Amino acid sequence: MNPRIPKVDLHRHLDGNIRPATIWELAQLHQLSLPATSVAGLIPYCQIQDKTSDLLAFLAKLDCGVSVLANTDACHRIAYENVEDAKKEGLDYVELRFSPFYMARAHQLSVADVVEAVVQGCKDGERDFGVKVNLIGILSRTFGTDACSQELAGLLAYKDHITALDLAGDELGFPAPLFTDHFNQARDAGWFVTVHAGEADGPQSIWNAIELLGAQRIGHGVAAQHDEKLMAYLAEHNIGIEACPTSNYQTATVVNTAEHPMKRFLDAGLAVTLNTDDPGVSAIDLAHEYRVAKSVIALTDIELDAIQRNAVEQAFLSASEKQALFTLAANR
């Protein structure tokens with residue numbers, strides 16, 4: 001990454017970035033059983049080994065981490081550690097997304113209390129580590145529309161501390177048309193909108209995210225490569241693509257990383273950004289993704305610089321906040 005350009009990650013799941021050591025410690029603290037007898041033995045259960053068969057198999061790896069969130073203190077801890085991890089990576093700004101219903105589910109916590117704990121954990125992390133953080137609430141569609149309504153209510157209880165709403169999970173089984181009312185409420189709350197689409201389903205899923213849910217950015221968006229009209233629309237309307245190549249390989253969304261559509265998207269004028277998705281589950285950091293983009297996808301340094309700038313321009317920040325990030329990087 002170019003040190004003169006802000007280092008930004010826009011697509012990072014807080015609940016997909018739980019340290020194995022933390023999973024182990026929380027399990028011991030709350031006397032919870034794990035499928036291993038040491039931190040090292042836990043790794044295959046909470047991190048991807050090469051790749052999985054599909055998106056849902058990938059998401060199952062997250063279950064290990066959230067299974068130990070026995071109380072709100074645990075939720076606060078992983079939020080705080082996410083900001084610390086961002087600091088260790090040298091990030092200037094990170095948007096952390098999380099599903100409070102998913103985090104609350106294993107131990108039947110209050111969704112709103114989980115949101116409060118995550119908000120405070122990130123605030124404490126910002127204070128201690130000096131990394132700017134914004135939070136994106138996720139609706140986990142895998143659990144159905146009613147669960148997403150509960151989730152949305154918990155997020156709206158702290159709406160001033162949430163920047164945007166996302167839809168994630170089983171894209172194929174729970175398509176965007178089921179969630180139009182949820183996202184109408186999100187826009188009424190003044191939130192930005194980003195939606196996982198074109199990862200486990202085709203181009204129509206991306207169209208639905210834009211036209212029905214109001215998506216201003218698309219998470220993954222790999223399937224856009226199959227629709228020239230869609231790519232032209234994304235470019236014309238500056239709807240960014242949150243690319244996550246390692247994750248896309250691990251979920252079998254992209255069979256060969258060298259053929260990832262990032263380069264085609266750039267050539268078509270799309271605002272592509274580069275992100276980690278679930279860095280704890282994938283055992284990566286943002287610098288790793290930039291190395292993959294250069295050495296495997298064969299992007300040039302000029303293209304990588306453009307992607308790095310796109311991340312700032314696509315961030316859910318004000319113009320003055322974006323300028324402050326550029327000034328910070330320029331003065332390094």
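A residue is called buried when its relative accessible area is under 20%, exposed when that area is over 50%, and partly exposed in between. The exercises below use this rule on a predicted model.

**Exercise 1. Classify arginine 97 as buried or exposed, and find which side chains it pairs with in salt bridges.**

Solution. Begin with the accessible area: arginine 97 has a relative value of 0%, and because the cut-off for buried is under 20%, arginine 97 is buried. Next, look for partners, keeping in mind that side chains of opposite charge can pair when their charged atoms come close. One partner is aspartate 166, whose side chain meets that of arginine 97 in a salt bridge with an N to O distance of 2.8 Å. Aspartate 166 belongs to strand β4 (residues 164-168) and arginine 97 to strand β2 (residues 93-98), so this pair ties together parts that are 69 residues apart in sequence. Another partner is glutamate 242, which forms a salt bridge with arginine 97 at 3.2 Å, N to O. Here too the pair links distant parts of the chain, since glutamate 242 lies in strand β7 (residues 240-243), 145 residues from arginine 97 in strand β2. Finally, check the partners themselves: aspartate 166 is buried at a relative accessible area of 0%, and glutamate 242 is buried with a value of 0%.

**Exercise 2. Examine the salt bridge between arginine 127 and aspartate 124, and decide where each residue lies and whether it is buried or exposed.**

Solution. The closest N and O atoms of arginine 127 and aspartate 124 are 3.2 Å apart. Both residues are in helix α6 (residues 111-129), and they are three residues apart, which is about one turn of the helix. Arginine 127 is exposed because its relative accessible area is 57%, whereas aspartate 124, at 13%, counts as buried. To place this pair in a wider setting, note that the count for the structure comes to 18 salt bridges, and that Arg19, Glu25, Arg77, Glu81, Glu84 and Asp85 are linked in a network of them.

**Exercise 3. Glutamate 151 is buried and has no salt bridge; find which side chain of opposite charge is nearest and which backbone atom its own side chain approaches.**

Solution. First locate the residue, which is in helix α7 (residues 145-156). The nearest side chain of opposite charge is that of arginine 105, at 9.9 Å, and because a salt bridge needs the nitrogen and oxygen within 4 Å, this pair does not qualify. Turn next to polar atoms of the backbone: the nitrogen of phenylalanine 101 lies 2.8 Å from a polar atom of the glutamate 151 side chain. When residues up to four places away in sequence are not counted, glutamate 151 touches several others, including Ser99, Pro100, Tyr102 and Ser140.

**Exercise 4. Describe the surroundings of threonine 52 and state which backbone oxygens its side chain reaches.**

Solution. Threonine 52 sits in the loop between α2 and α3, and its relative accessible area of 14% means that it is buried. Its side chain reaches the backbone oxygen of glutamine 250 at 2.7 Å, and a polar atom of that side chain lies 3.3 Å from the backbone oxygen of aspartate 54. Leaving aside neighbours within four places in sequence, the residues in contact with threonine 52 are Ala57, Phe58, Gln250, Thr251 and Ala252.

**Exercise 5. Give the volume of the largest pocket and of the largest cavity, and determine which element gives the most to each lining.**

Solution. Rolling a probe the size of a water molecule over the atoms shows where empty space is left. The largest pocket holds about 350 Å³ of space. Its lining consists of 23 residues, and the closest to its centre are Leu59, Tyr102, Ser140, Thr142 and Gly169. The elements that give two or more residues to this lining are α3 (55-66), α5 (100-105) and β3 (132-140), and the largest share, seven residues, comes from α3. Now take the cavity: the structure holds one of 30 Å³ or more, and the largest cavity has a volume of about 40 Å³. Among the residues that line the largest cavity are Asp15, Cys46, Lys61 and Val281. For this lining as well, α3 gives the most, with three residues.

Definitions and conventions
Residues are numbered from 1 along each chain as its sequence is written. This is a predicted model: local features need pLDDT of at least 70, side-chain atom pairs count only at pLDDT 80 or more; totals for chains, interfaces and linings use all residues. Side-chain values use heavy atoms; hydrogens and water are left out. Helices (H or I, at least four residues) and strands (E, at least two) are DSSP runs, numbered from the N terminus. Buried means under 20% relative accessible area, exposed over 50%, partly exposed in between (1.4 Å probe, protein chains only). Lys and Arg count as positive and Asp and Glu as negative; His and the chain ends are not counted. A polar contact is a pair of N or O atoms within 3.5 Å; within protein, one must be able to donate a hydrogen and the other to accept it, and residues adjacent in sequence count only if both atoms are side-chain atoms. Contact means heavy atoms within 4.5 Å. On a 1 Å grid over the protein atoms alone, a cavity is a set of points where a 1.4 Å probe fits but cannot get out, and a pocket is an open set with protein on both sides within 12 Å along at least five of seven lines; lining residues have an atom within 4 Å of a point. Grid points are joined across faces, edges and corners, and a volume is the space filled by probe spheres set on the points.
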